[in-house]
Amino acid sequence: EKDNKTMDEKIDKILDTPFFDPDKILDDDANNGGDGSSSSNPLTWFANLVKNDYETAEALYAGVFFGVMVILGQELLRMYMYGDG
């Protein structure tokens, strides 16, 4: 049971780790001499959007995520039906 609890703790730690931390990204940008409005870095732009307009950032993320998943699904279906070539 000790191993099982350890595995549960590992899984909890993985699930509790943020995938995208806008504060860390903006801090890293500021430490590298950025002003926080760097339009050349899309990650900084998205971090600013998350901080300033969370609903729009969430909708944009969901739209891009589902768009990529639909395209991936279409390509996998095409490869299954017609082969790799």
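## Contacts and helix packing in a predicted four-helix chain

Of the contacts in the chain with a separation of 6 or more, 26% join residues 24 or more positions apart. The model is predicted. Its chain has 85 residues, of which 15% count as buried. The exposed area is about 7300 Å². Carbon and sulfur atoms supply 59% of that area.

The chain holds four helices and zero strands. Along the sequence the pattern reads α-α-α-α.

**Confidence**

Mean pLDDT for the chain is 88. A value of 70 or more is reached by 86% of the residues. The extremes fall in two helices, tabulated here.

| Helix | Mean pLDDT | Rank in the chain |
|---|---|---|
| α1 (residues 2-16) | 84 | lowest |
| α4 | 96 | highest |

Where pLDDT is low, predicted coordinates should not be read in detail.

**The α3–α4 pair**

Two packed helices are described by the angle and the distance between their axes. How do the axes of α3 and α4 cross? Helix α3 spans residues 42-52, and helix α4 spans residues 54-82. Their axes come within 5 Å and cross at roughly 130°. Angles from 65 to 115 degrees count as roughly perpendicular, and those over 145 as roughly antiparallel. The two helices are therefore oblique to each other.

Which residues make the contact? From α3 come Trp45, Phe46, Leu49, Val50 and Asn52. From α4 come Tyr54, Thr56, Ala57, Leu60 and Tyr61. By class, the contact has eight nonpolar residues and two polar ones. Charged residues are absent from the contact of α3 with α4.

Methods. Residues numbered from 1 in each chain as written. Predicted model: local features only at pLDDT ≥ 70, side-chain atom pairs only at ≥ 80, totals over all residues. Heavy atoms only, no water. Axes fitted to C-alpha atoms, helices over the stretch in contact; angles between N-to-C directions. Parallel < 35°, antiparallel > 145°, perpendicular 65-115°, else oblique. Contact = heavy atoms within 4.5 Å. Nonpolar A, V, L, I, M, F, W, Y, C, P; charged D, E, K, R; others polar. pLDDT = per-residue confidence, 0-100. Buried < 20%, exposed > 50% of the residue type's maximum accessible area, 1.4 Å probe, protein only. Areas by Shrake-Rupley, 256 points an atom, 1.4 Å probe, with all protein chains shown as cover.
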